[in-house]
Amino acid sequence: MKSYQKINSILGWVVFAIASIVYILTAEPTASFWDCGEYVATAFKLQVGHPPGAPLFQIIGRFFTMFAFGDLSRVAFMVNMMSALSSSLTILFLFWTLTMLAKKLALRKGEMTEGKMIAIFGSAVVGSLAYSFSDSFWFSAVEGEVYAMSSFFTALVFWAILKWEEKSEEEHSFRWLIFIAYMMGLSIGVHLLNLLAIPAIAFVYYFKNYKKTNYKGMLLTFIISILILGFVMSVIIPWIVKLAGFFELFFVNTIGLPFNSGTIIYFAVLISGIYFGIRFSRKKRKAVLNTIIWAFTFILIGYSSFFMLIIRSNVNPPIDENSPEDAISLLSYLNREQYGDWPILYGQYFNATIVDREDGNPIYRKSAEKGKYIVIDDRKGTIPVYDPEFSTIFPRMWNNTEKRYINDYKTWSKMKGIPTSVTDEYGETKVIDKPTFQENLRYFFRYQVVHMYFRYFMWNFSGKQNDIQGTADKKNGNWITGIQFLDNAYIGPIKDAPKSLQNKATNSFYLLPLMLGLIGIIYQLRRDNKNFMVVLLLFLMTGLAIVVYLNQHSPQPRERDYAYAASFYAFAIWIGLGVYALFDWLRSFADQKIVAIVISGLTLVLVPGIMAKDGWDDHNRSNRYTALATANNYLNSCAPNAILFTNGDNDTFPLWYAQEVEGIRTDVRVVNLSLLNTEWYIDQMKRKAYDSEPVPFSLPWEQYKEGTRNYTYFIENENIKGYVELNQLFDLILNDPTRLTMQTRIGPLDFFPTKKFKITVDSASVIEKGVVSPENADKIVNEITWTINSSGLTKNYLMVLDLLATNNWERPVYFATTTGRTAYMGLQEYFQLEGLAYRLVPIKTVSKDRQDGRVQTDIMYDNLVNKFEFGNMDDPNVYMDETNMRMTMNLRNNYFRLSDALIKEGKNDMARIVMDRCLEGMPDESIPYNYFVTPLAEGYYKIGDFEKGNELNIRLIEIFEEQLAYYFEFPAKIQKKYDFEKQQNLALLQKLTQVANQFKQEEVADKASEVFDVYFELYN
């Protein structure tokens, strides 16, 4: 057994080394898109990220960033290394978990033999490496996100409970339970997913301590485990902070003590209670009680990482989301109140009528002037009460915040509904189609279970169609097998896709990991049903239980497979056990050693081997700098000291990273419109940050505090003719706000008496301040006039108007090109494109081609040619996923718009440089040509470079022809799904023909026309 233990240790670390090498080699060298930029920035400077926070991740991340040794460009890579090593440690503990479980199976049939030992280690190697190369886990392993470290904690505590089971007869074995409690407390500072291992841990404890088990005992154990899970999530995590808040309010507001006194007294009481509890349990020799108190204590010690957020928030760092400066505000942060709530076990359907409103919990803020906490929003009547007729147990279709969610609910559920008469809170009666419970369940199974879980499961263990987000059609994001006749029948001939449609994320595992895992399930169920139950609980609690809890609407902003990685971890255990099952079934046919070696070798090649081979190209992010390049391009699109409005994760978080970590363009103030709805973010924008002066909002805190001016309605006054000067309205808010408030039956309502606004322009001033160049002086309008076509303004857009009313052209104001038209508020006619951002200027441009704004060619030329970066987009070996590809569309369009404007100005040489740079930075080999390239071909014709134009057009004709041929190969029932693509390609061929004829390029025109005729006839 000594040799077994030694080999077990050595092989575990060998597998760890393999995983580490793979993840380090494929890690992204800088920040990635989505939340990664925010996580890296907040880790580097220990700032406060989005709720509910990940302070332990940030603290450890800060430690890793020190190994950049002052090289700021390496900081993100060091945080990515932390994820890589967290992931390889996960694989290490998975290996040791598998050897423990396989060893139990081996010893059920006699003594340990050399053949069994080889089979055990083979099982562990295959299972752990299969998980190493699984799609979702590998994705998280190479970027600076919390899911890799969360997986590590899950693997660690699951291994630890098996270790406790192994050592439970020894003295002081309870220390393993204390260790598990401590790890779970620490994991709260990373992600709550780790807590879902509690039911599996409880069953290990039950099976070890009760030799005679039955269904009643298992049911009771499950109920107790869920109660423990609920106690940690709903009592320890929120109530430790909530009670601190109660103490703070009482001792500060009632007793009159200084701020934080109540919190100090509370923790003194809590620590004293723990101390006396431990003394009492030891004195009375109550071992179970003693263990429970110690476990509770170590959970709190782990949980204490959240003190970092309070400490750092009090120094007002540039990133300080929710500003959790005390116990009261920390509770709101932990409860994710800015994201709202959603029903799980009982609640409303999406079209439920509000019949009443209840009072919410008041919101307090610290008032230094009054020396106590004051109520800034009593939240009276803020909690809607829904018609019980439209409420149900297990509500799945609940979100009515966007029309597309409602449409998708109806589509996925095939909803017909039952006409039902309802009366709302205003006494108005109407008839609404009420979803049936059957339709509710149909949505649950079709979308939440099959599309948002089972599809991801099959990605990892069967194969993946591509990396384009799936929307239930046959075109994108489906699972595949790699077995051609199965895939052809299900989604069409994907293996025959032309190069322009090929996707590196097309992975085929031929169902081999799935089948091996199913073998492992059957084998463990038959031979070791207790441990099967343990693994099954881990699988279900980290899979379907999350599905139930998240209660996701459709569509989601991105694929969510990373949330279920722990469930795939459990299945990887069965993959490993499947290897041992094959050995056990076949060992009687030959020498055990030979069978063990052959089975282990074959499954190693056929499962993790194929997974690694197929997954490498779409998980290898080495050399990819696109997120940083995009951030650089956004920031360098702006003039000095600019204010840049952004909206989403990918036009905000990479910019935060660029500024906070690498110090790029810290004079530009990035203002996220989604966060601008909150008072704490507005407060932060009014503070100086690095080289950026405060954003010049005029409204005082009283006019934008929580619960104030959340929505300003447009109630047009018929006596007001024409456009209203914007600063007059804000003067009213500042000096006589009651004139813009009316009383209604549901309380006070803020309004503007118009939706037509104007800003008077001083032409001499805007030229002097460099807003408009002197040569464009004749284009300056006397006033900017615009209409906002909506029912009113949310607080964020009110603040934008406040800025426009008071800025007086002192600071350049930009809107990112990706924020969307809603964010532009009807100002597009006064936009000037200077890169990846529109600048607001007093020059009116009426769009003739559905493109927003004018192009200031000299500024934009300097930005796109001299400042813009591509982040290695030109390297065909660099993997460009869907998010990156979407960014290239915006880039190509910008290069086209600049070149087209230069041509119109007669600057053909400059236009050529712009188009050449676009094609060099995003060549066909790495970013396949698409319809955004067609206007560039026309641009070459316009400057007389027919050779280059023809070269591009011939390639485009080839692409369109290949794609049309591919679409028409599909079976008839699937082919109809591609009607849009067919129509688009035909329209582009038609346009290309017209352009080629216009410039007398008959050969190209004839070729395009010929292809068009062939497929137009087929289409009809």
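Q: How many nonpolar, polar and charged residues are in the lining of the second largest pocket?
A: This is a predicted model, where local features need pLDDT of at least 70, side-chain atom pairs count only at pLDDT 80 or more, and totals for chains, interfaces and linings use all residues. Residues are numbered from 1 along each chain as its sequence is written, and side-chain values use heavy atoms, without hydrogens and water. A pocket is an open set of 1 Å grid points where a 1.4 Å probe fits, with protein on both sides within 12 Å along at least five of seven lines, and lining residues have an atom within 4 Å of a point. By class, this lining has 25 nonpolar, eight polar and four charged residues.

Q: Which helix supplies the largest share of the lining of the second largest pocket?
A: Helices here are DSSP runs (H or I, at least four residues). α7, α8 (174-188), α9 (198-209), α10 (215-254) and α12 (287-303) each give this lining at least two residues. The largest share, nine residues, belongs to α10.

Q: Is α7 roughly parallel or antiparallel to α19?
A: The axes of α7 (residues 147-167) and α19 (residues 529-541) come within 13 Å and cross at roughly 160 degrees. Angles over 145 degrees count as roughly antiparallel. α7 and α19 are therefore roughly antiparallel.

Q: Which residues of α19 do Thr-154, Phe-158, Leu-162 and Glu-165 in α7 meet?
A: Contact means heavy atoms within 4.5 Å. The four α7 residues meet Asn-531, Val-534, Val-535 and Leu-538.

Q: How do the residues of the contact of α7 with α19 divide by class?
A: Val, Leu and Phe count as nonpolar, and Glu as charged. Thr and Asn fall among the polar ones. The division is five nonpolar, two polar and one charged.

Key. Axes are lines fitted to C-alpha atoms, for helices over the stretch in contact, and angles run from 0 to 180 degrees between N-to-C directions. Angles under 35 degrees count as roughly parallel, over 145 as roughly antiparallel, 65 to 115 as roughly perpendicular and the rest as oblique.
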